[in-house]
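Here's a quick briefing to read alongside the model. Keep the viewer open and follow along topic by topic.

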Amino acid sequence: MKQSVNRITVDSRQNCYVFPEGIEPVEKIAATAEIEPGVHVIRINKGSFSYFDTGEEQQPSVLLWIAGGKFKNKASEVLVGASWGCLNGYNDTYTLEVKETTKLHALFLDTNNSDNLG
């Protein structure tokens, strides 16, 4: 059986959203926790979110901004001082090895928050 491979190219200039006021407004609006050195498994405990009301149970998706100290995403094993991550659903995890105290910022991206319940 032949497997089809689709590729997409993301251009760093044409396909880039630039935060007009820098990262500070994102950090201000996000739920934030300080994370001490050690290994931490980040996951969604409960909640739901969707762009469309389908009448079916939805899996939440959360965007993570981690910055302020050195850490490794255990999937890549690269030591960095800041990075984006994402959790897609209850079974997804994001494992960090924190070397220096850092901050985890978590948020939803939305186009209309008037229908959000909290």
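What follows covers the overall layout, the strand pairing, the aromatic residues and the salt bridges.

Bear in mind that this is a predicted model. The chain has 118 residues, and 23% of them are buried. Its elements are one helix and six strands, and the helix comes ahead of the strands in the order α-β-β-β-β-β-β from the N terminus. Two spots get most of the attention below: an aromatic cluster of Tyr-17, Phe-19, Trp-65 and Trp-84, and a salt-bridge network that takes in Lys-72, Lys-74, Glu-77, Glu-97 and Lys-99.

**Overall layout**

- Helix 1 covers residues 24–29, and Phe-19 sits in the segment before it.
- Take the contacts between residues at least 6 apart in sequence: 67% of them join residues at least 24 apart.
- The chain exposes about 9200 Å², with carbon and sulfur atoms supplying 50% of that area.

**Strand 3 and its partners**

- Which way do strand 3 and strand 4 pair? They run in the antiparallel sense, with nine bridges between them, and strand 3 spans residues 61–73.
- To find the register there, look at Val-62, whose bridge partner in strand 4 is Leu-87.
- Strands 3 and 4 make a hairpin with five residues in between. Glu-77 is in that turn and has a positive phi of about 60°.
- Strand 3 also pairs with strand 6 (residues 102–107), again in the antiparallel sense, over five bridges.
- In that pairing, Trp-65 has His-105 of strand 6 as its bridge partner.
- Strand 5 (residues 93–98) is another antiparallel partner of strand 3, this time over three bridges.
- Here Asn-73 stands opposite Leu-96 of strand 5.

**Aromatic residues**

- The structure has three aromatic pairs. One of them is Tyr-17 with Phe-19, an edge-to-face pair at 5.5 Å centre to centre with 90° between the planes.
- Phe-19 also pairs with Trp-84, and this pair is stacked: the centres are 6.0 Å apart and the planes 20° apart.
- What does the Phe-19 and Trp-84 pair tie together? Phe-19 lies in the segment before helix 1 while Trp-84 is in strand 4 (residues 79–88), so the pair links parts that are 65 residues apart in sequence.
- Tyr-17, Phe-19, Trp-65 and Trp-84 make up one aromatic cluster, and Trp-65 is the residue already met as the bridge partner of His-105.
- Is Tyr-17 buried or exposed? Tyr-17 counts as exposed, because its relative accessibility is 60%.
- Phe-19 counts as partly exposed at 33%, and Trp-84 also counts as partly exposed, at 35%.
- Tyr-17, Phe-19 and Trp-84 together make a nonpolar surface patch of about 340 Å².

**Salt bridges**

- As background, side chains of opposite charge can pair when their charged atoms come close.
- The structure holds four salt bridges.
- Glu-77, the turn residue with the positive phi, meets Lys-72 in a salt bridge at 3.7 Å, N to O. Glu-77 counts as partly exposed, at 38% relative accessibility.
- Lys-74 forms a salt bridge with Glu-97, and their closest N and O atoms are 3.0 Å apart.
- Why does the Lys-74 and Glu-97 pair tie together parts that are 23 residues apart in sequence? Lys-74 lies in the loop between strand 3 and strand 4, whereas Glu-97 is in strand 5, so the link spans that separation.
- The two ends of that pair fall in separate burial classes: Lys-74 counts as partly exposed at 31%, while Glu-97 counts as buried because its 17% relative accessibility is under the 20% cut-off.
- Glu-97 also meets Lys-99 in a salt bridge at 2.8 Å, N to O, and Lys-99 counts as partly exposed at 43%.
- Through shared partners, salt bridges join Lys-72, Lys-74, Glu-77, Glu-97 and Lys-99 into one network.

Notes: Residues are numbered from 1 along each chain as its sequence is written. This is a predicted model: local features need pLDDT of at least 70, side-chain atom pairs count only at pLDDT 80 or more; totals for chains, interfaces and linings use all residues. Side-chain values use heavy atoms; hydrogens and water are left out. Patches are made of residues with over 30% relative accessible area and no salt bridge: like charges are joined within 9 Å, nonpolar side chains (Val, Leu, Ile, Met, Phe, Trp, Tyr) within 5 Å. Accessible areas come from the Shrake-Rupley method with a 1.4 Å probe; for residues, only the protein chains shown count as cover. A salt bridge is a side-chain nitrogen of Lys or Arg within 4 Å of a carboxyl oxygen of Asp or Glu. Helices (H or I, at least four residues) and strands (E, at least two) are DSSP runs, numbered from the N terminus. Buried means under 20% relative accessible area, exposed over 50%, partly exposed in between (1.4 Å probe, protein chains only). Contact means heavy atoms within 4.5 Å. Rings of Phe, Tyr and Trp (its six-membered ring) pair if their centres lie within 6.5 Å; planes under 30 degrees apart count as stacked, over 60 as edge-to-face and the rest as tilted. Two strands pair if DSSP finds at least two bridges between them.
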